[in-house]
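Visitor: Got a minute to walk me through this one? I'd like to get a feel for the fold.
Guide: Sure, let's pull it up.

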Amino acid sequence: MLAALRAHDTFAVEVAHPVEVGADQMEHLTGWLSKRLGQPFAAPDLGAFGFDVIGGRILPAASGTAALWMYENEAGERLTLYAAPQPEGGQTAFRFIEAEATQGFWWVDGSFGYAVVGNIPRAALRGIAIAAHEQLI
């Protein structure tokens, strides 16, 4: 799931174009990402953690098309939720990933792998990943 860390590092710092489609077009964005991934895929609600979705985008992935939802809190900190097909499928427990200052938690559920990535404390990030997982199943 190194791709999730790289996607976060690429787009979370972007000022002018952090997302392709903004949250103001949520119905279109949800339909577009779902169609491209081949299954329903809606942004989990992370408002309880102070993060609101600002939009999303499509990315290439090693095994097809990936989707990236981006969230932001009032302090301007950003999180991303990355989803990409996993040909081997199955289920995995949460695994911690990091590269330099970027960290995240990833897991596989069915035919997709997911990662929640951000530059916030590890414990907070884990709680957010658990909440996202519960909403995605």
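Visitor: Let me jump straight in: which residue is the bridge partner of E72 in β4?
Guide: That's R78. Keep in mind that this is a predicted model.

Visitor: Which strands does that bridge belong to, and how do they pair?
Guide: It sits in the pairing of β3, residues 64-72, with β4, residues 78-85. They run antiparallel, with 6 bridges between them.

Visitor: Staying with R78, is it buried or exposed?
Guide: R78 counts as buried, because its relative accessibility is 15% and the cut-off for buried is under 20%.

Visitor: An arginine in there, okay. What does its side chain reach?
Guide: The R78 side chain gets to the backbone oxygen of E14 at 2.8 Å. It also makes a polar contact with the side chain of E72, at 2.9 Å. So E72 turns up twice, as the bridge partner of R78 and as a side-chain contact.

Visitor: Zooming out, what's the order of strands in the sheet?
Guide: It's an open sheet of 7 strands, ordered β1-β2-β3-β4-β7-β6-β5, and the pairing is antiparallel. At the edges you have β1 (21-22) and β5 (95-99), each of which pairs on one side only.

Visitor: Which strands does helix α1 touch?
Guide: Helix α1, residues 2-11, packs on the sheet and touches β2, β3, β4, β5, β6 and β7. Its direction makes about 140 degrees with that of β4.

Visitor: And α3, what does that one pack on?
Guide: Helix α3, residues 122-136, packs on the sheet as well, touching β4, β5, β6 and β7. The angle between its direction and that of β6 is about 25 degrees.

Visitor: Now the hydrophobic part. How many residues are in the largest nonpolar core?
Guide: There are 24, and F41, L81 and V116 have the most contacts inside it. At least two residues each come from α2, β3, β4, β6, β7 and α3. The largest share is from α3, with 4 residues.

Visitor: What is F41 in contact with, sequence neighbours aside?
Guide: Leaving out anything within four places in sequence, F41 is in contact with T30, L33, S34, A67, W69, L81, A83, Y114 and L136. There's also a second, separate core of 17 residues, which includes A4, F11, A61 and V117.

Visitor: Y114 was in that F41 list. Where does Y114 lie?
Guide: Y114 lies in strand β7. It's buried too, with a relative accessible area of 5%.

Visitor: What's around Y114?
Guide: Outside four places in sequence, its contacts include M1, Q39, F41, F105, W106, W107 and L136. L81 is also among them. The C-alpha atoms of Y114 and L81 are 7.0 Å apart, although 33 residues separate them along the chain.

Visitor: Last topic, the whole chain. What pattern does it follow along the sequence?
Guide: The pattern reads α-β-α-β-β-β-β-β-β-α, for 3 helices and 7 strands. The radius of gyration is 13 Å, close to the 14 Å from the globule rule for 137 residues, so the protein is as compact as a globular protein of that length.

Visitor: What share of the residues counts as buried?
Guide: That's 45% of the 137 residues. As for contacts between residues at least 6 apart in sequence, 53% join residues at least 24 apart.

Definitions and conventions: Residues numbered from 1 in each chain as written. Predicted model: local features only at pLDDT ≥ 70, side-chain atom pairs only at ≥ 80, totals over all residues. Heavy atoms only, no water. Pairing = 2+ DSSP bridges. Contact = heavy atoms within 4.5 Å. Axes fitted to C-alpha atoms, helices over the stretch in contact; angles between N-to-C directions. Core = buried A, V, L, I, M, F, W, Y, C linked by side-chain atoms within 4.5 Å. Buried < 20%, exposed > 50% of the residue type's maximum accessible area, 1.4 Å probe, protein only. Polar contact = N/O pair within 3.5 Å; in protein donor to acceptor, adjacent residues only side chain to side chain. Rg over C-alpha atoms; globule rule 2.2 N^0.38 Å.
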